[in-house]
Amino acid sequence: MPPAPPPSAQGTPGPAVVPSTQGAPLTPAGLPAPTPQMARPIPPAPPGAGFVPQSAQGQPLRRMDDLRGERREIREGGTTIIREPDRTIIREGNRTIIRHNEMDRFRYGAQDVRMERRGNENVAVVVRPGGYRVVTVTDDNGYLVRRTRIMPDGREYVLIDNRRHWGPGGPPPGPRGPGFGTGLAVGAAVGLGIGAVMLNLPPPEVRIPRERYIVETERADPALLYDTLTAPPVMAIERPYTLDEVRYNAPLRDRMPRVDLDTVTFESGSWELDPVQIQKLAGIADGLNRAIQANPQEVFLIEGHTDAVGNEVDNLSLSDRRAEAVAMVLTQQFGVPAENLTTQGYGEQYMKVPTDGPLRENRRVAVRRITPLLTGQAQAQPPQ
């Protein structure tokens, strides 16, 4: 595992501000095209502040009430694209997803960032504290191809390789992700195909006790947290899946046990974590660090969820930002390598307790191991 980053910059003034990318063309993947500002490290901010997007006028947006007025909406046919300063929300039929650029987390506190063009691929090289490099390769359409960690001594660890899914023939032709078509600027129509990554999978058959399938941190000791974070899937994984397939298919994700961080809470409309909430992440951070120490190629998904109070778009954006804020604290405060984490918000789509009212159990962040889903190399754990 890479060395832990230096102590947090408690005295650093102000939050980690992320400039708006609404003016950048939108790639077919639903992410902004690379810009020069993406090739700069983001200075550390006080722990728990999360990223603060900027308005078109350069003002910081620290709460959902501020962010709501900065959205730009595009409609064409049955597709709606909502662009926030640092995120894209895509609605197609009865499906809505949110996209964000994970490079921001890798650039946060980095020593150096380089953007390179190699053939028909874009390569981002981020030098993290400790001198190791995180290399992220995307194609012309903005889709993730590969992510690796290269240590100072030259050792390379493959974290995500979507080529495993493509097979020897390479990537499939045409659209294959949340967005497809041509990358167009704000104000122009963009064709999207959420269905391209949606899989027709049944819910998994869970044959282990529920208390070991869904583990709540409030009741879990360190041994149970570690066991859950290293547990095999509850059913066999028949092939490698891409990261987007994992992100956007609940029956696939549900093949892996999860840990619900039910002790961590946020203020209404906010994605900041106060010092009390930060310390509640110590247990899960220890489990993650132990798991990554045992296997440096592990990848964990940090999921954000809300209750059904409020509108769908607000909840989706808020949950995505809260998942990201938790991942940032795990790295900045507890030394969990940023590149071993990926984040995704789901809003009110997967409530733990179905209800239209406010409920703490539904306002949660969850963590699950997704390595077996990405590699397709794990067998199911036996019934207990």
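Which element supplies the largest share of the lining of the second largest pocket? The answer is α10, with 4 residues. The notes below cover this pocket, two sheets and a cavity.

1. Basis. This is a predicted model, in which local features need pLDDT of at least 70 and side-chain atom pairs count only at pLDDT 80 or more, while totals for chains, interfaces and linings use all residues. Residues are numbered from 1 along each chain as its sequence is written, and side-chain values use heavy atoms, with hydrogens and water left out.

2. Overall make-up. The protein has 11 helices and 16 strands; these are DSSP runs (helices H or I, at least four residues; strands E, at least two), numbered from the N terminus. Of its 384 residues, 56% count as buried, that is, under 20% relative accessible area with a 1.4 Å probe and protein chains only. Of the contacts (heavy atoms within 4.5 Å) between residues at least 6 apart in sequence, 68% join residues at least 24 apart.

3. Antiparallel sheet. An open sheet of 5 strands has the order β7-β8-β9-β10-β11, with antiparallel pairing; two strands pair if DSSP finds at least two bridges between them. The edges are β7 (112-118) and β11 (156-161), each with a single partner strand, so one side of each has no neighbour in the sheet. Neighbouring strands are turned by 15° against each other on average, direction ignored; axes here are lines fitted to C-alpha atoms, for helices over the stretch in contact, and angles run from 0 to 180 degrees between N-to-C directions. Within this sheet, β8 (residues 121-127) and β9 (residues 133-139) run antiparallel and are joined by 7 bridges. N122 stands opposite T138 in β9.

4. Mixed sheet. Another open sheet of 5 strands follows the order β12-β13-β16-β14-β15, and its pairing is mixed. At its edges are β12 (214-216) and β15 (341-345), each pairing on one side only. The average turn between neighbouring strands is 25°, direction ignored. Strands β13 (residues 258-260) and β16 (residues 364-369) run antiparallel, with 2 bridges between them; V259 has V367 in β16 as its bridge partner.

5. Helices on the mixed sheet. Helix α9 (residues 282-294) packs on this sheet and touches β13, β14 (300-305), β15 and β16. The direction of α9 makes about 155° with that of β14. Helix α10 lies across β14, β15 and β16 and runs at about 160° to β15.

6. Second largest pocket. This pocket holds about 380 Å³ of space. Its lining has 20 residues, of which S268, G269, N315, L318 and R322 are the closest to the centre. On a 1 Å grid over the protein atoms alone, a pocket is an open set of points with protein on both sides within 12 Å along at least five of seven lines, a cavity is a set where a 1.4 Å probe fits but cannot get out, and lining residues have an atom within 4 Å of a point. Points are joined across faces, edges and corners, and volume is the space filled by probe spheres set on them. Both α1 (64-68) and α10 (312-332) supply at least two lining residues. By class, the lining has 4 nonpolar, 7 polar and 9 charged residues; Ala, Val, Leu, Ile, Met, Phe, Trp, Tyr, Cys and Pro count as nonpolar, Asp, Glu, Lys and Arg as charged, and the others, Gly among them, as polar.

7. Cavities. There are 4 cavities of 30 Å³ or more, and the largest has about 110 Å³ of space. Among the 15 residues lining the largest cavity, T21, M38, D86, N101 and D104 lie nearest its centre. Elements β5 (87-92) and α2 (103-107) each give at least two residues to this lining, which divides into 5 nonpolar, 5 polar and 5 charged.

Definitions and conventions. Buried means under 20% relative accessible area, exposed over 50%, partly exposed in between (1.4 Å probe, protein chains only).
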